[in-house]
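Trainee: I have a structure open and want to work through its packing. Can we take it step by step?

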Amino acid sequence: MNKRFLISAIALLSLGTVTNFSSQKVSAASIVVRSKAFVYNSRGHRTSKYYLKGSYIGHALSKRIHGRSYYKVGANKYIRKSNARLKKSSVASKLNNSNNSSVSATVSNQKNAASFMSFLASQKSLSAAQRSEARTAAKLLRTGSLSSQSAPSWFNKYVKLGAAKDATSAANLKASIQDLENANSARAKVGSRRLKVSPILTAISMIDADYQKQGGVHHPQYYKYEDSLESISAGSEPITIWMTEKNNWKEDVRKNSSLKSLEFHPNWDNQAYTDAVMGAHGYKVAGHYTNLVNRNHRIMGMAHMTDNNYGYADVYNASSKNNKGSLTLGQYKSLVNRWLNR
C-alpha cells in the first residue's frame, strides 16, 4: 500500500488581513478551553467555527481587539480569554517558573530529541527491541538517514536540533505528549485501542514537522516506514479539528451507504473510500478522522513545531505494524519527565 498523506483543511485557509487591533508582547502559552469558545477574526467578528470544552491549544498569544482580551490561536483566529484558562502543567509555564523543580528552568540545545532517544537507548528497564529502536531514532534525528534511505536534501535546512522552536526541542517534545494523550483519548471514545509510541515514528514526525518551517502545510513524502499514514495540522489543536471530520464522514456515508463498514477499517482498493478520505468527486474530506480512529493501527508518533506562519504545526504518523520497539504512552511520558529532570 502506498503511503497516504492528509493535510488538514483548516490549515489551507488563506491568511486574513490583520487590521484594527492592538497586541502586547508576551510569551506563547498553552491553554485549555473551559467552555465552548467561538473563533473570532482580527476585527473581532465571530465566525461559525468554535472549540469544544476541554480542547488543548499548545501555542496561544494574548491579544486585545477593540478593548477585549483574546488568545490568538492561529492565523486570523482568536478566542476570548474568558473561554479558556492557562494549562498550569504546560511546558511554557514550567520553563518560565524558576521555582518549579519538576523541569529544568532552562532548556539548552544540548537537551534535544536526539539526546532523549539516546537516553531511552541506555535504559536497562526497556527491552532490547525498544532500546534498538531508540538508537535508530536518535541516528535518524542526527543524520536524517533511516536504514537504506539517505537524508532528504532539505534535512539540514529545516532540522535544527534543540533550537527553541524546532520540533526537536525539549519543550516541544514535552508539548507533544498532550497531543499523544488527546489522540488516545479520542480513539478510546469511539472504541479504538490506545496506541503505543514508536520512537522512529516520533522522529519522522519531528522531521516532517520541521519541514513546515517553509510556510504553509506540506507533506515531504520522503520517509517510508511501516506503511505509516500521516496527518498534518497547522494553527489549530490537531485532535479536536480532526475529530470534527466525523460529521463529514457521516455525510459521505449518507451519500454512499457502502462506506459505513469502512469507518474504522480502511480499504484503499475501494475508490469510493479513497474519494471520501481525500474529499474528491463530491465527497467531504474525512481522512484525518479515519486516520485517527483507524482500528488497524497499533503504533504512533507525534510532533509539535512552533516556527510556522500559522503559529505552529503538528504531525501525526500511525501504523498497523505491531512494532516490538514501541513504548506504552505511560512509559514514554514517564521517561520524558525523568530525562527532563536529569
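Trainee: Which helices and strand do the buried residues of H11 pack against?

Mentor: Keep in mind that this is a predicted model. H11 covers residues 329–340. Its buried residues pack against strand E10 (196–197) and three helices: H2 (113–121), H5 (170–189) and H6 (199–210).

Trainee: Which residues of H11 are buried, and what arc do they cover around the axis?

Mentor: The buried residues in H11 are Leu329, Tyr332, Leu335, Val336, Trp339 and Leu340. An α-helix has 3.6 residues a turn, so residues three or four places apart point the same way. The buried residues lie on the same side of H11, because the arc they cover is only 135°.

Trainee: What span does H11 reach from its first C-alpha to its last?

Mentor: H11 has 12 residues. At 1.5 Å a residue, the expected span is 16 Å. The model comes close to that, reaching 16 Å.

Trainee: How is the aromatic pair of Phe116 and Tyr332 arranged: stacked, tilted or edge-to-face?

Mentor: Both Phe116 and Tyr332 are buried. Their ring centres are 5.7 Å apart. The planes meet at 85°, and over 60 degrees is the class that applies. The pair is edge-to-face.

Trainee: How many residues apart in sequence are the parts that this pair ties together?

Mentor: Phe116 lies in helix H2, and Tyr332 lies in helix H11. Ring pairs also link Phe116 and Tyr332 with Phe119 and Trp339 into a cluster. The parts tied together by the Phe116 and Tyr332 pair are 216 residues apart.

Trainee: How is the ring pair of Trp154 and Tyr211 classed?

Mentor: Trp154 is buried at 12% relative accessible area, and Tyr211 is buried at 15%. Their ring centres are 4.4 Å apart. The planes are at 50°, so the pair is tilted.

Trainee: Which residues touch the most other members of the largest nonpolar core?

Mentor: That core has 61 residues. A second, separate core has 16 residues, including Trp249 and Ala286. In the largest core, the residues touching the most other members are Phe116, Tyr316 and Tyr332.

Trainee: Over which ring does the charged end of Lys36 sit, and over which that of Lys255?

Mentor: For Lys36, the distance to the ring centre is 4.2 Å, and the ring belongs to Tyr50. For Lys255, the distance is 5.2 Å, and the ring is that of Tyr283.

Technical notes: Residues are numbered from 1 along each chain as its sequence is written. This is a predicted model: local features need pLDDT of at least 70, side-chain atom pairs count only at pLDDT 80 or more; totals for chains, interfaces and linings use all residues. Side-chain values use heavy atoms; hydrogens and water are left out. A nonpolar core is a set of buried Ala, Val, Leu, Ile, Met, Phe, Trp, Tyr and Cys residues joined through side-chain atoms within 4.5 Å. Buried means under 20% relative accessible area, exposed over 50%, partly exposed in between (1.4 Å probe, protein chains only). Helices (H or I, at least four residues) and strands (E, at least two) are DSSP runs, numbered from the N terminus. The expected span of a helix is 1.5 Å times one less than its number of residues. The arc is that of the directions from the helix axis to the C-beta atoms. Contact means heavy atoms within 4.5 Å. Rings of Phe, Tyr and Trp (its six-membered ring) pair if their centres lie within 6.5 Å; planes under 30 degrees apart count as stacked, over 60 as edge-to-face and the rest as tilted. A charge sits over a ring if NZ of Lys or CZ of Arg is within 6 Å of the ring centre and within 35 degrees of the ring normal.
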